[in-house]
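Student: Could you take me slowly through one helix of this protein, and then show me how its salt bridges and its nonpolar interior are arranged?

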Amino acid sequence: MTRRGLMIAAGLAAAGVADAQVAAFPVKPVRLVVPFAPGGATDILARTLGEKLAVSFGQPVVVDNKAGAAGIIGTDAVAKAAPDGHTIVLGLSNSLLTNQFLFTKLPYNTQKDLSLVYQIAVAPLVLVVHPSVPANNGPELLKYIKAQKGKLSYGSYGLGAYPHLAGAHMSKVTGGEMTHIPYKGEAPMVQELLGGNIHMAYASALQVKQHVDAGKLKAIGVTGDKRIAVMPGVATLGEQGLKDDAYRLTGWLALAVPAGTNKTVIKRIASDVRTAVMQPDVKAKIEAMGFDVQDSNPEVFKARYDKEVPAWANLIKVSGAKLD
């Protein structure tokens with residue numbers, strides 16, 4: 001056989017091995033990395049999803065919490081893992097999108113070192129205020145912020161998180177010069193709001209619905225394009241005439257794998273994830289957390305991601321947030 005023939009044969013053999021690996025996927029336990037601490041919504045979703053995927057994969061799915069540095073540690077571990085589909089990250093919009101604008105240097109390139117798989121759910125937030133704030137909707141609140149220049153404060157559960165960025169946007173467009181108060185988590189932020197120590201905040205329905213129902217907080221509006229299933233009576237800020245990107249954006253939960261992972265493997269993972277999240281018990285659990293389940297795939301997720309990148313970049317620029 002000629003040298004060219006040997007090269008062609010070797011190439012075909014290699015392709016055959018690759019195809020066999022794809023067909024056999026997964027061939028060992030799958031590691032589902034959560035770049036946040038146990039007990040949060042991302043962790044709960046990962047364990048629920050892991051149980052379902054273990055059945056469809058025919059292999060154990062091990063949830064691995066690698067928390068720290070705003071999701072960077074766990075995400076970096078996946079970016080540097082073997083691109084064979086056996087290591088997946090279940091991250092949030094901050095770890096998979098906004099960190100690239102909040103940190104001057106990341107140990108990985110978000111858009112080059114990871115391949116997007118599936119956007120599981122979007123996470124609209126509720127803009128809530130202390131009952132002492134005399135506003136009942138978005139336009140009224142913006143007028144109040146403007147009229148109370150330098151006197152109001154808003155909370156967030158961390159620098160660079162959506163509540164910080166959206167609050168900074170409201171402060172800027174109204175000239176209200178509000179004070180930003182960051183907390184170490186959503187729960188303490190909500191407690192401070194209940195106590196009247198801050199005037200307003202963006203928070204999850206999971207954290208504030210009970211307080212809104214009890215009249216201890218007032219819901220102004222919801223971010224995103226759709227109302228939240230568990231709080232259907234609260235209009236979106238967009239419905240109220242607030243059309244800026246800042247009010248349209250939402251956080252989300254999604255899956256990604258190391259760049260270079262075979263596209264057929266990615267599609268297999270995405271297909272199995274879709275089947276899992278569309279099961280009534282899983283869908284109900286996700287919606288009960290105040291999230292909106294998405295019907296996604298790698299192409300749909302990538303298109304949404306690319307559309308959001310400039311909007312998030314601009315919002316972060318306006319806030320002046322930098323985390324390093």
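Tutor: What follows is a close look at one helix, and then at some salt bridges and the nonpolar cores. Please keep in mind that this is a predicted model.

The helix to start with is α9, which runs through residues 205-213, and in it Ala-205, Val-208, His-211 and Val-212 are buried. These buried residues lie on the same side of α9, because they cover an arc of only 145 degrees around the axis. The elements that cover them include the strand β5 (126-129), the helix α8 (186-194), and the strands β8 (200-203) and β9 (218-222). If you turn to the other side of α9, you find Gln-210 and Asp-213, which are exposed. After the helix comes Gly-215, whose phi is positive, near 80 degrees.

Asp-213 also takes part in a salt bridge, since its side chain meets that of Lys-209 at 2.8 Å, taken from N to O. The two residues are four apart in helix α9, so about one helical turn separates Lys-209 from Asp-213. Lys-209 is partly exposed, with a relative accessible area of 29%, whereas Asp-213 is exposed, with a relative accessible area of 55%.

This pair belongs to a structure that holds 13 salt bridges. Another of them joins Lys-302 and Asp-306, again with 2.8 Å from N to O, and these two residues are four apart in helix α13, so that about one helical turn separates them. Both ends of this bridge are partly exposed, Lys-302 with a relative accessible area of 40% and Asp-306 with 35%. A further salt bridge links Arg-227 to Glu-239, where the closest N and O atoms are 2.9 Å apart. Both residues lie in the loop between β9 and α10 (245-248), so the pair ties together parts that are 12 residues apart in sequence.

Now for the interior. In soluble globular proteins, nonpolar side chains tend to be buried together. Here the largest nonpolar core has 50 residues, and those with the most contacts inside it are Leu-141, Ile-145, Tyr-162, Met-170, Met-200, Tyr-202 and Trp-252. The largest share of this core, seven residues, comes from helix α13 (residues 298-319). Apart from this core lies another, of 34 residues, among them Phe-36, Val-63, Ile-120 and Phe-291. Returning to Trp-252, the residues that it touches, beyond those up to four places away in sequence, include Leu-92, Leu-96, Val-122, Phe-301 and Tyr-305.

Notes: Residues numbered from 1 in each chain as written. Predicted model: local features only at pLDDT ≥ 70, side-chain atom pairs only at ≥ 80, totals over all residues. Heavy atoms only, no water. Buried < 20%, exposed > 50% of the residue type's maximum accessible area, 1.4 Å probe, protein only. Arc of directions from axis to C-beta. Contact = heavy atoms within 4.5 Å. Core = buried A, V, L, I, M, F, W, Y, C linked by side-chain atoms within 4.5 Å. Salt bridge = Lys/Arg side-chain N within 4 Å of Asp/Glu carboxyl O.
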